[in-house]
Amino acid sequence: MKVLFFSILIPALLPVALVLFYVWHKDKNEREPISVILLTVVFGAVVSFVAGPVELAIEKFLVLFLDVDSVGYSLIENFFGVALVEEFLKWLIIMIFIWQNKNFDHSYDAIVYTVASSLGFAAAENIGYIINYGKFVAISRAVFAIPGHASFGVFMGYFIAKAKFASVNEKPRTVKLLLSVAVPTIVHGIYDFLLSPAAENLSFSGFFTAYVVVVDIASFFLIRSQFKHDKILKKVSE
């Protein structure tokens, strides 16, 4: 049990907990209930087990028509076979369990919950990676993958907050909801593509670290901006 705890769970979950605590602690108006946050994390972890088979099925379908070494295969597989699948599942958690939750009553709450969903997904992935490749992989995951998933969640939360505000005020929300899936999918897809053999063949892989830094900085400033301008989600008088 000690081996499991120190070799797998601590390396896998500690960076997730630290990032989530940072985002949650920034909520100065009314911090979200820990029970709801943890439930969102658990749901995020659960859908990671759904994503795997779906991604594998898409991969097997694509190889019937495309060369696995081609740029086309890599683009479709990374953007649609991985990024869209994962971001849609995380988004679905928010729409099913959080959208109508009474605690989702401020704009910054959207980022807290989407990051929780994303980090639950990342935590399950982390455990799998450490079991398969050893605890030292946790270092690269903590530097790149965990902040990456959190950043995808931040972009998602930004647009979900706008969609929720529009919904409360009985205004069109469809475009904002589409953006809440599309934007993190694009950011995630580029992240994955830059790690692919096709990107390496095109000499794009060298941009990966710079891309991660830019995405992380952008999400950091977006978090700061959103909690500074946090507002209650209520109907605005005409």
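Here is a walk through the fold, from the overall layout down to a few residues.

This is a predicted model, so local features need pLDDT of at least 70, side-chain atom pairs count only at pLDDT 80 or more, and totals for chains, interfaces and linings use all residues. Residues are numbered from 1 along each chain as its sequence is written, and side-chain values use heavy atoms, with hydrogens and water left out. The mean pLDDT (the predictor's confidence in each residue, from 0 to 100) is 89, and 93% of residues reach 70 or more. Keep an eye on α1, which has the lowest mean of the elements at 72, while α6 has the highest at 97.

The protein has 8 helices and 0 strands; both kinds of element are DSSP runs, with helices being H or I of at least four residues and strands E of at least two, numbered from the N terminus. The C-alpha trace spans about 55 × 45 × 30 Å along its principal axes. Of the 238 residues, 47% are buried, where buried means under 20% relative accessible area, exposed over 50%, and partly exposed in between (1.4 Å probe, protein chains only). Contacts, meaning heavy atoms within 4.5 Å, often link distant parts of the sequence: among those between residues at least 6 apart, 79% join residues at least 24 apart.

Now for the inside. A nonpolar core here is a set of buried Ala, Val, Leu, Ile, Met, Phe, Trp, Tyr and Cys residues joined through side-chain atoms within 4.5 Å. The largest one has 45 residues, and I37, V115 and I160 have the most contacts inside it. Two or more residues come from each of α1 (2-25), α2 (34-62), α3 (71-98), α4 (107-133), α5 (137-168), α6 (174-193) and α8 (208-228). There's also a second, separate core of 6 residues, including V47, A51, L89 and F121.

Take V115: leaving aside neighbours within four places in sequence, V115 touches L20, V23, A150, G153 and V154. In helix α4 you'll also find S118, which counts as buried because its relative accessibility is 0%. With the same neighbours set aside, S118 is in contact with K90, H149 and G153.

Finally, look at α8. Its buried residues are F208, Y211, V212, V215, S219, L222, I223, Q226 and F227. They cover an arc of only 115° around the axis, so they sit on the same side of α8; the arc is that of the directions from the helix axis to the C-beta atoms. On the other side, V214 and K228 are exposed.
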